[in-house]
Amino acid sequence: MIRKLPFIFLLLCLGSCGVSKKTASPFHKDPIKITVAASSNVPAETTAIEADKALEKPRGIADEVIHTALLFSGVPYRFGGHTKNGMDCSGLLFTSFKEHDINLPRISHEMADEGKRIKIKEVTKGDLLFFKTGGGKINHVGLVVAVEGDDIKFIHSTTSRGVIVSSLREGYWNYAFVKATRIL
């Protein structure tokens, strides 16, 4: 068991490495397409979403917040950041919600105390997903951008890849998942 601890630690540190992305600048003229390439345990037919669909004329506040968050796709990770120059996971959500006059705490574990806790089967676009990726308290947050059957896609900022869309079906994120809340 002791010999396995460094390996487990390495897996936790590199948890977002199983995710690849296609991104475009928020200022790019072509439609933005975001692809979620998950680990091999996620069927290929469930791994792609077209952000241009989400970027169509927003139909409600959830779509508007998602639209804003998707504009940051590809922005690099920066601890404490909340601009297109770099942002962390809570900075992405803080900025995306604030753009629509919805105030959230700036830190992910404080965001987790906001809104109404919901069951994973009740999750819809615009809900928040919270994770423990190490340590004892919630330290990561993502925004649900699509629910496709039993697959939940969420946008977040990872230390290794910046702002990307991932699937909750990916082993790492599924394992680290703690709870979901509804703000909107």
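Begin by selecting strand 8 together with strand 9, which form a hairpin with three residues between them. The model on display is a predicted one. Strand 9 spans residues 162-167, and strand 8 spans residues 151-158. The two strands run antiparallel and are joined by six bridges. To view one of the pairings, display His156 and Ile164, its bridge partner in strand 9.

Next, keep strand 8 selected and add strand 7, residues 140-148. Strand 7 and strand 8 also run antiparallel, and five bridges join them. On this side, Leu143 may be displayed opposite Ile155 of strand 8. Then move to the turn: two residues lie between the strands of this hairpin, and Gly149 adopts a positive phi near 65° there.

Now hide the neighbouring strands and examine strand 8 alone. Is strand 8 buried on one face or on both faces? Select Asp151, Lys153, Ile155 and Ser157 for one side, and Ile152, Phe154, His156 and Thr158 for the other; all of these residues are buried, and both faces are thus covered. Since eight of the eight residues in strand 8 are buried, meaning under 20% relative accessible area, the strand is largely enclosed by the rest of the structure.

Finally, proceed to helix 3, residues 61-70. Which residues of helix 3 are buried? Select Ala62, Asp63, Val65, Ile66, Thr68, Ala69 and Leu70 to display them. With seven of its 10 residues buried, helix 3 is therefore largely enclosed by the rest of the structure.

Key
Residues numbered from 1 in each chain as written. Predicted model: local features only at pLDDT ≥ 70, side-chain atom pairs only at ≥ 80, totals over all residues. Heavy atoms only, no water. Buried < 20%, exposed > 50% of the residue type's maximum accessible area, 1.4 Å probe, protein only. Helix = DSSP H or I, 4+ residues; strand = E, 2+ residues; numbered from the N terminus. Pairing = 2+ DSSP bridges.
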